[in-house]
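Student: Could we walk through this model together, a question at a time?

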Amino acid sequence: MECKPKHMSAFALYQNAALELSLNEKKRPLKVSPKKKKLKENGVATAKPNKSVVIKKKPKKLVKTVIKGERLERVPQAKPCEDNEEGTSLNAVLADLATVNNSRDRASKLFQWLIHPVPAKDFFRDTWEKKPLLIPRQNPDYYNGLFSTAEFDRILREDDVQYGVNLDVTSYTNGKRNTHNPPGRALPFSVWDFYSSGCSLRMLNPQAFSSRVWNFLSILQEQFGSMAGANVYLTPPGTQGFAPHYDDIEAFVVQLEGKKHWRVYNPRSLEDVLPVTSSPNFSQSEIGSPVLEVVLEAGDLLYFPRGFIHQGDCLPNSHSLHVTVSSFQRNSWGDLLAKLVPAALGVAMEEDVEYRQGLPLDYLTYMGVQNSDKEDPRREKFLSRMGGLMNKLAGYAPVDAAVDEKAKEFLHDCLPPALTPEEQASSVQGSSTRWGNGRPLNVGARINSKTRVQLIRAGCARLCSDGEVIQLYYTTDNSRVYHKEELKSFEIKTEYADAVEFLIHAYPKFVVVQSFPCDSAAEKIALAELLFEKGIIRTAEPL
C-alpha cells in the first residue's frame, strides 16, 4: 500500500478528521591533590574508533534468552491495578509532586506512579536492562492528561511543526518501511490526509510543544541521571508504521488511546544485548518467534530494554495513540571509558617514560593480522608487554574528570526545569520587575544577607574544573528542543567556588546568604544575585 494523500477537498477531510479526533478526547580551585590536579589538567577527549584496524571476530552466539536459566516462557506481568495508590490521575500526581521540596524525591515518586504497582526497587533489581515487563491495568484513564489526539491536533494548528524535524509520516507494507515526509510545515490538512490514507504519524519531540510532556520528562530525567525523551505515535486502524527493529534506549511504551498489538523478541545474539546503536530494519524471517505478544489497551504499560526487537500494529477496529518514554542512551560503562582511556593515556605518556619508549624495530614482521596465526615467541613477549601497559594505565585514569565530562553531556541533554507556581514566584521568572510610569520598576534582585536560597533543582548545576579555570554548568537556560542551544556555563571566581559547592551539597535545604563561605558580605550577595539571575537558585519567599 502506498501512503499518498487522496484527491479530495482538504478542508472537508480536515473537518472530518478534526471531528473524529475531538470525539476521542474530551572559589578556590577544587581541592585535589597535586597529582589529581595534574590529571585533570590533561582534559578528557572522546575516543574515536580506529576504522583502519581489522579484527577477527568470533562467530556470533545466538541468544535463547537474556535471562539465566531456562528459556523464557512468559514475561512477568503485574497484577491488574484496580485502584491507583499513587494518585487518581496525572493531574493529581503532578499537583501532589509540586508540594515535594526535593526534586529527586519528585522523580522517584513520578517513576513509581509510572510503573505502579511494581515497586521501583524490584523493577531495577529484576527487570531493568534484563527483560520486558507488561503492566496491564484495566484502567483506561490511568495516563489521562499526558497527551491526546486533541493535543496532537492543537499542536498542528498552533505551532510550527516541520516534516522530518518534528513529525514523520511512515508506513510498513509488504515487509517494507517507507517515510513519506514532504518538505516544509506539517499543516493539519496534509497531516490528516496522510493519516486517512493509512500512514502512521510520529511526533519526535512533543516536549517542545506540550507543557505537560515537558513537565513530565523534566521531572523524570532526575530518576535516571540521563536524558528522558519521548516520541508520540498515532497509528490508523489496521496498519503498521514501522518495521521490526531494536533501539539503543530503555523504552517505556505508555498506551494513551485505542489499542495496539505488540510483539517483542529476544536479542538475536550476545552482540545485540544492550547495543550501543539502534538496529536497521529487520525482515520477519530474521527475528524468530516473539517472547511476548500482547494487545496494549489504554492505561497499560510495556517496558523493554535496548536490544529487544519489537513491532506494533493496530487492530482493524481501533486506532492507537501511545507515547514512548526513553532514557539511558549512551550511558554505559563503555561510554565512560571512551572518555577516560584517552585521557589516562595522555597522562601516562606525560608522566611515565615507559609509555614513551619506542616500539621494537622489527615488530611489524611478527605482529598484525597477517602474522596473527604465527607461533613466534616475540609475539608472546609483545602481547605481555602490551598487557602490562594496559594494566598500569588504570593508575593514571582521571576518573572524576571523565565523570564530569559525562555529566556535562547530561546537562546539555537535559530539559530545563518546568517550574511549579511556587517555584516560579520565588525565582527570577517571577520577578516583579516591569515597565510602569514611563520607566522600569522593581529592578534588581534585592537579595540581602538574610535571604534564604535553594537550588531550583538537585541536578540543575555542576561545578567542574580543569585545574585552572572553574566553570559552573547549568540547565536552566536550556531549550525544550533537544540541543537547540549550546551547553550553558560561565566561569566562577575562585573565591566563589566553595560557596557554590556548599549550595549544591546543601540541597534540598534552604540556606541563608550570609552562611556562604565567602570572604565578605558583598561577595556573598553578589554570588547570590548572579545565581538568581541565571535561574539557578530561588528564594524561600518571593522577593
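Student: Where does α9 bend, and by about how many degrees?

Tutor: This is a predicted model, where local features need pLDDT of at least 70, side-chain atom pairs count only at pLDDT 80 or more, and totals for chains, interfaces and linings use all residues. Residues are numbered from 1 along each chain as its sequence is written, and side-chain values use heavy atoms, leaving out hydrogens and water. Proline 342 follows the bend within four residues. The bend (the angle between axes fitted to the seven residues ending at a residue and the seven starting there) sits at lysine 339 and is about 25 degrees.

Student: How far apart are the end C-alpha atoms of α9?

Tutor: Helices are DSSP runs of H or I, at least four residues, numbered from the N terminus. Expected span is 1.5 Å times one less than the number of residues, so the 19 residues of α9 (333–351) should span 27 Å. The model agrees, with the ends 26 Å apart.

Student: Which helix gives the most to the largest nonpolar core?

Tutor: Such a core is a set of buried (under 20% relative accessible area, 1.4 Å probe, protein chains only) Ala, Val, Leu, Ile, Met, Phe, Trp, Tyr and Cys residues joined through side-chain atoms within 4.5 Å. The largest has 60 residues, with Leu114 and Phe252 among those with the most contacts inside it. Seven of its residues come from the top contributor, helix α8 (residues 211–224).

Student: What is the mean pLDDT of the protein chain?

Tutor: pLDDT is the predictor's confidence in each residue, from 0 to 100. Here 83% of residues reach 70 or more, and the mean is 88.

Note on methods: Helix = DSSP H or I, 4+ residues; strand = E, 2+ residues; numbered from the N terminus. Buried < 20%, exposed > 50% of the residue type's maximum accessible area, 1.4 Å probe, protein only.
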